[in-house]
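Work through the exercises below with the structure open beside you, and try each task before reading its solution.

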Amino acid sequence: MKKTGLTLALAAALGMGVSACSTEAPVAGEVGEASEQVMPFSQDNPFAAQSELPLHFPPFDQIKDEHFAPAFEAGMAEALAEVDAIANSDEEPTFDNTILALERSGQTLSRALSVFYNLVGTDTNDTRRKLQADYSAKFAAHSDAISLNPALFERIDTLYNQRDSLGLDAEGVRLIERYHTSFVRSGAALDDDQKARMKEINAELAELGTTFSQNVLAEVNDSAVIVDTREELEGLTEAQISAAADAAAERGHEGKFVVTLLNTTGQPPLAQLANRELRQRIHEASVIRGARGNEWDNREIISRVVNLRDERAKMLGFDNHAAYVLADSTAGTAEAVNDMLGQLAPAAVANAKREAEKLQAMIDQEQAAKGEPSFQLEPWDWAYYTEKVRQAEYDFDEAQLKPYLEMMNVLENGVLFAATELYGITFKQRTDLPKYHPDTWIYDVFDADGSQLAIFIFDPYARASKRGGAWMNSYVSQSHMMNTKPVVANHQNITKPPAGEPTLLTWDEVTTMFHEFGHALHGMFSDVEYPYFSGTAVPRDFVEFPSQVNEMWADWPSILANYAKHHETGEAIPQELLDKVVATAKFNQGFATTEYLAAAMLDQRLHQASADDIPTADEVVQFEASALAADGIDFAAVPPRYKLPYFSHIMGGYSAGYYAYIWSEVLDANTVKWIEDNGGLTRENGDRFRATLLSQGGSKPALDLFHAFSGAEPDIQPLLERRGLVDPAN
């Protein structure tokens, strides 16, 4: 989610996050310290003016790495000059000469930062990594120079106190309120000594955030597991084995195989690999990342970051960083988050333990049949035996699905088709616009009346230059004031098959594609006046809600039937298999909920800790174990989805906010039930969701948008039922 702050440029500089489902934060120097290598900023620089391509689409073919530094320097100087003119104006402050002037400021920096940080996430290189490190503290200092400017805040504060008498509409009043809140939360009301310390903290946090994210990427690549023989890969498909051989060759291990890792604790190959020893190697390589004592060890960074955040929160009048973050969320307080997570955790663990009993029984049965002693279920066994139990209970192996889930067919005849059915929008692929990477697809998006709504970029494949996970980001955000329409992108980390082979997806990758496109729709349907409120600029614990709703169409019968077709024969997926997909929806939800809640509760424990309880580098691992035990979610067979040393979310925009997915899912489950109860996949329902919620961005309080759509208060029961967290005895 690109969460707009004072301007797009300032938002990025503040590290507020650049994408929905994002884990990265911008991140070092003093403002005005142009290095010797920075070339002059000329009109030939692609960031000197708005792109002349459709909807100001970035001219990726003209953008070179050497263009960024001069655009950063010129952009910061331009923005500060604009802000100084606003702050030091002799005119009385007005909505137009102060608030709207800030909204219009920083355009050069905004253009450069938007492209730069998106490329750092999708296709980084040594030059971009160095730029990120060199400029992180500069950007932090730049944002501080604006948000801690006393004359500027005085003007904003004056307008805030007059906001109800200025004759503004509701969106204009809210814009003043949000600016005032943003400045106060940034430290504008602090004294001079506190402001000086705030600047030091922000600069150091920016540097640490960049180092952490770069360490995570380096560790993922360095921790790939080398496999000596083809026989050890029993259970993988021929295409997967071929990809592993190619990965080994790229790393200089000809004749061997490499299993690459994703930035989650669980690794997809564990569901297929028959070799238990190899499964254990992969799992152990995954969970030790960031705590190996090597150059990419993140434990010291974690400790320092949490201490700095705690100091900053107390300076601003909050008990801890979690209290600071949650005060500006829909949850409101740490107590509210703790209460919800505390309600869910016991039911999730109980469900996971019931699942574990079935897996252990399968292990015992298999070992007895082979005449060998049984063994205790371990984390590296879970996914493998889950598939066996799924097949036994439902006569369903997820591998049966993959031939019917070819990637582009899922996208065009599933994800995009669902959007057409629900909202009336249409898509046309175009090949004339420049790409930042060959493995991307670009689509024009047209509204129901035929007018152009947006441009959409699809970037599905994993690569060494791309961060892990899946996310949406904006290159251009919608705003009537700026006369701009959205250019948005979706990213996943799907393994690219060998040349000539189809890309066949897992069901999880399919639902992820629908999820991320829900974020894209949130950006594309934005219909607001001011850039501040555009698209996904909503609280963290609300932003996942619309995207989770969009997942419901993945297994909606008419949508599934339209895209789930055999990649070779075109044969529709058998109805029996469709029924099994729906029947297994709650399968393994104890595991999924427990691993997620473990990470979410770790995040809260870390950021609610008192100053004396914040772990040192040497205490990080033990802190994690103690926190899981204290919350009753320390089930050894189900480790957290992320362990602290590679928990990128909490170093970026989701610090003290990883709970947001489950908080949003309460709203999502209520909304899905409402849609199902009111006719399901209809234009009427789509138009209602678009008008009351997706188009509004952050222009109204988040829960007001939910109420406008549903007409009711959120209820946790639909979520409990969806995730199978209702006691079977009841």
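**Exercise 1.** In this predicted model, find which residues of the largest nonpolar core touch the most other members.

*Solution.* Begin with the core as a whole, which has 127 residues, and then pick out Phe456, Phe514, Phe517, Met524 and Tyr563, since these touch the most other members. Next, take Phe514 and leave aside its neighbours within four places in sequence: its contacts then include Val410, Gly414, Val415, Trp553, Ile559 and Tyr563. Finally, look for another core that lies apart from the largest one; this other core has 31 residues, among them Val38, Phe57, Met76 and Ile457. As background, nonpolar side chains in soluble globular proteins tend to be buried together.

**Exercise 2.** Decide whether Glu219 is buried or exposed, and find the side chain with which its own side chain makes a polar contact.

*Solution.* First locate Glu219 in helix α8, which covers residues 192-222. Its relative accessible area is 2%, and because buried means under 20%, Glu219 counts as buried. The polar contact of its side chain is with the side chain of Arg292, at 2.4 Å. Not counting residues up to four places away in sequence, Glu219 also touches Arg289, Gly290, Asn294 and Trp296, among others.

**Exercise 3.** Find which side chains make polar contacts with the side chain of Asn473.

*Solution.* Start in strand β7, residues 471-476, where Asn473 lies, and note that Asn473 is buried, with a relative accessible area of 0%. One polar contact, of 3.2 Å, joins its side chain to that of Asn118, while another, of 2.4 Å, is made with the side chain of His491. As a last step, compare sequence with space: Tyr117 is 356 residues from Asn473 along the chain, yet their C-alpha atoms are separated by 9.9 Å.

Conventions:
Residues are numbered from 1 along each chain as its sequence is written. This is a predicted model: local features need pLDDT of at least 70, side-chain atom pairs count only at pLDDT 80 or more; totals for chains, interfaces and linings use all residues. Side-chain values use heavy atoms; hydrogens and water are left out. A nonpolar core is a set of buried Ala, Val, Leu, Ile, Met, Phe, Trp, Tyr and Cys residues joined through side-chain atoms within 4.5 Å. Buried means under 20% relative accessible area, exposed over 50%, partly exposed in between (1.4 Å probe, protein chains only). Contact means heavy atoms within 4.5 Å. Helices (H or I, at least four residues) and strands (E, at least two) are DSSP runs, numbered from the N terminus. A polar contact is a pair of N or O atoms within 3.5 Å; within protein, one must be able to donate a hydrogen and the other to accept it, and residues adjacent in sequence count only if both atoms are side-chain atoms.
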